[in-house]
Amino acid sequence: MSYDPRAYPAARYTGEHGEISARYRAADTPPDFVATGAAPAAYHYLSTTLSTRGEYGLYRVDMGPESAGPSTHFHKAMSEAFFVLSGTIRLFDGERWVDARSGDHLYVPVGGLHAFRNESGEPASMLMLFAPGAPREEYFERMGGLAGLDDEERAAFLVKHDSFFV
């Protein structure tokens, strides 16, 4: 079956009257996970693969000044998109680094090389969208402990989380 960009996807809801199923999350909700150390960041799990039934995952990442990010990598099973909310975040699009600011967006298709970091010396915040959804929470929460794993354990963790570094 070929993709038609003008067509809507097939209906997946078969009811006639809709249902009460939306989820609201206030902006001042505390982060779900806070990474400390070399890459301080607060992660807000806005829409997880569990809550969207695998459609997508949406996360807000509040980065501290000089927060490290992942080196160049790609994903085999999901696309990723970045939307800068505030501050300046360096984004790598596979060819060049750009200083992305509030309102800037980067879409990375499946297999696309990318990376990000905050080198601005100021806090920055962005949204990260993964589609289809994947259980990224464990990835975020365990990234800081990868140095304590042996090479085989580290490689298995990265493959499990669809992260292939170059």
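# Exercises on rings, strands and loops

Arg-53 is exposed, with a relative accessible area of 78%; exposed means over 50%, buried under 20% and partly exposed in between, using a 1.4 Å probe and protein chains only. The model is a predicted one, in which local features need pLDDT of at least 70 and side-chain atom pairs count only at pLDDT 80 or more, whereas totals for chains, interfaces and linings use all residues. Residues are numbered from 1 along each chain as its sequence is written, and side-chain values use heavy atoms, with hydrogens and water left out.

**Exercise 1.** Where is Arg-53 found, and what is the value of its phi?

*Solution.* Begin with the elements: helices (H or I, at least four residues) and strands (E, at least two) are DSSP runs, numbered from the N terminus. Arg-53 is found in the loop between β2 (41–47) and β3 (57–63). Next take the backbone, where phi of Arg-53 is near 55 degrees, a positive value in a residue other than glycine. Glu-66 can be treated in the same manner: its place is in the loop between β3 and β4, and its phi, near 60 degrees, is likewise positive in a residue that is not glycine. The last step is accessibility, and Glu-66 is partly exposed, with a relative accessible area of 46%.

**Exercise 2.** How many aromatic pairs does a search of the whole structure find, and which parts of the chain does the pair of Phe-74 and Phe-164 link?

*Solution.* The criterion comes first: rings of Phe, Tyr and Trp (its six-membered ring) pair if their centres lie within 6.5 Å, and planes under 30 degrees apart count as stacked, over 60 as edge-to-face and the rest as tilted. With this criterion, the search of the whole structure finds eleven aromatic pairs. Phe-74 and Phe-164 form a stacked pair, with 5.5 Å from centre to centre and 25 degrees between the planes. This pair links distant parts of the chain, since Phe-74 lies in strand β4 (residues 73–74) and Phe-164 in strand β11 (residues 164–165), 90 residues apart. Phe-164 is buried, with a relative accessible area of 18%. Tyr-139 and Phe-157 form another stacked pair, 5.9 Å centre to centre with 10 degrees between the planes. Tyr-139 lies in helix α1 (residues 136–142) and Phe-157 in helix α2 (residues 151–160), so this pair ties together parts that are 18 residues apart in sequence. Both Tyr-139 and Phe-157 are buried, and ring pairs link them into a cluster with Phe-33, Tyr-43, Tyr-45, Tyr-59, Phe-130 and Phe-140.

**Exercise 3.** Which residue has its charged end over the ring of Tyr-139, and which lies over the face of Phe-164?

*Solution.* A charge sits over a ring if NZ of Lys or CZ of Arg is within 6 Å of the ring centre and within 35 degrees of the ring normal. For Tyr-139, the residue is Arg-136, whose charged end is 4.2 Å from the ring centre. For Phe-164, it is Lys-76, at 4.4 Å from the centre of the ring.

**Exercise 4.** Which strand gives the largest share of the largest nonpolar core, and to which strands is β5 joined?

*Solution.* A nonpolar core is a set of buried Ala, Val, Leu, Ile, Met, Phe, Trp, Tyr and Cys residues joined through side-chain atoms within 4.5 Å. The largest such core has 28 residues, and those that touch the most other members include Phe-82, Phe-116 and Met-126. Its largest share, four residues, comes from strand β10 (residues 124–131). Turning to pairing, two strands pair if DSSP finds at least two bridges between them. Strand β5 (residues 79–86) runs antiparallel to β10 and is joined to it by seven bridges, with Ala-81 opposite Leu-129. β5 also pairs with strand β8 (residues 105–108) in the antiparallel sense, over four bridges; in β8, Leu-106 is the bridge partner of Phe-82 and Tyr-107 that of Ala-81. In a regular strand the side chains alternate between the two faces of the sheet. In β8, Leu-106 and Val-108 make up the covered face, while His-105 and Tyr-107 make up the uncovered one.
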